[in-house]
Amino acid sequence: MSSNPTPGLTRFNAAAVSEARAALREACASEAWGSRLLARRPYATTDALYAASDAATAELTAADLAEAMAGHPPIGRPTPGDATSSREQRGMSEAGDALKAEMLELNLAYQEKFGHVFLICATGRTGEQLRDAARNRLDNTPEQEREIVRRELGMINRIRLGRLVDDAADPADAAEGARP
């Protein structure tokens, strides 16, 4: 990613707090994460924004992580009408019925074991890769899984922030899902 400020970053920095908060909420459902990023505005570069996101993600409590995960639909079942989750889960949308059924079973087993949605940065991954990751992660302890979830959330946040500051006409449009 670029270390130079983009027009989108400039618009994000200048946006009203309510608009910027709404755009950040679309990137990550954790109120604590969004508040930490808002408090550090303005950002001189996209790299500074990503570093602030990484730091905010690292500081999330268990409750904050739970709030963030609640904003993510299960793998293989993107939220209807949500272009972001559909785009990110494209690998599952192209999967066959048997793989989708297996992923549903894995999602349910994961949620039963860990008490939350199976969170993974699905962007660019095939349905088979997502299934394999879910299978492998079912063997983790809750402590191991919490740290994996934190890493995966950090990757998702970076991708979504990149779209916000690189593509969005303004933060309000990004919050409304107007991104291509």
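# Helices, core and contacts: worked exercises

Ser30 sits in the loop that links H2 and H3, where helices (H or I, at least four residues) and strands (E, at least two) are DSSP runs numbered from the N terminus. Keep in mind that this is a predicted model: local features need pLDDT of at least 70, side-chain atom pairs count only at pLDDT 80 or more, and totals for chains, interfaces and linings use all residues. Residues are numbered from 1 along each chain as its sequence is written, and side-chain values use heavy atoms, leaving out hydrogens and water.

**Exercise A: a loop serine**

Task: Work out whether Ser30 is buried or exposed, and list what it touches beyond its sequence neighbours.

Solution:
- Start with the cut-offs: buried is under 20% relative accessible area, exposed is over 50%, and partly exposed falls in between (1.4 Å probe, protein chains only).
- Ser30 has a relative accessible area of 1%, so it counts as buried.
- Now the contacts, meaning heavy atoms within 4.5 Å. Skipping neighbours within four places in sequence, Ser30 meets Arg25, Leu60, Asp64, Glu67 and Ala68.

**Exercise B: the overall fold**

Task: Describe the secondary structure of the protein chain and say how its radius of gyration fits the globule rule.

Solution:
- Count the elements: the protein chain has 11 helices and zero strands.
- Next, compare sizes. The radius of gyration is 16 Å, close to the 16 Å from the globule rule for 180 residues, so the protein chain is as compact as a globular protein of that length. The radius is taken over C-alpha atoms, and the rule is 2.2 Å times the number of residues to the power 0.38.
- For the dimensions, the C-alpha atoms fill a box of roughly 45 × 30 × 25 Å along the principal axes.
- Finish with burial and contacts: 47% of the 180 residues are buried, and residues 24 or more positions apart supply 69% of the contacts with a separation of 6 or more.

**Exercise C: the nonpolar core**

Task: Find which residues touch the most other members of the largest nonpolar core, and which helix gives the most to it.

Solution:
- A nonpolar core is a set of buried Ala, Val, Leu, Ile, Met, Phe, Trp, Tyr and Cys residues joined through side-chain atoms within 4.5 Å.
- The largest one holds 45 residues, and Phe12, Trp33, Leu37, Leu49, Ile75, Phe118 and Leu161 touch the most other members.
- Helices giving two or more residues to this core include H1 (7-14), H8 (97-114) and H10 (142-167). H10 gives the most, with six residues.
- Zoom in on Phe118: outside four places in sequence, its contacts are Ile75, Met103, Asn107, Tyr110, Leu130, Ala133, Ala134 and Arg137.

**Exercise D: two charged residues and a proline**

Task: Place Glu102 and Arg146 in the fold, then say which residues the cis peptide bond joins.

Solution:
- Glu102 belongs to helix H8 and is partly exposed at 24% relative accessible area. Beyond four places in sequence, Glu102 touches Arg131 and Arg135.
- Arg146 is in helix H10, partly exposed at 36%. Its C-alpha is 8.3 Å from that of Ala62, though the two are 84 residues apart in sequence.
- For the last part, recall that most peptide bonds are trans. Here, Arg41 and Pro42 are joined by a cis one, with omega about 0 degrees, and Pro42 lies in the loop between H3 and H4.
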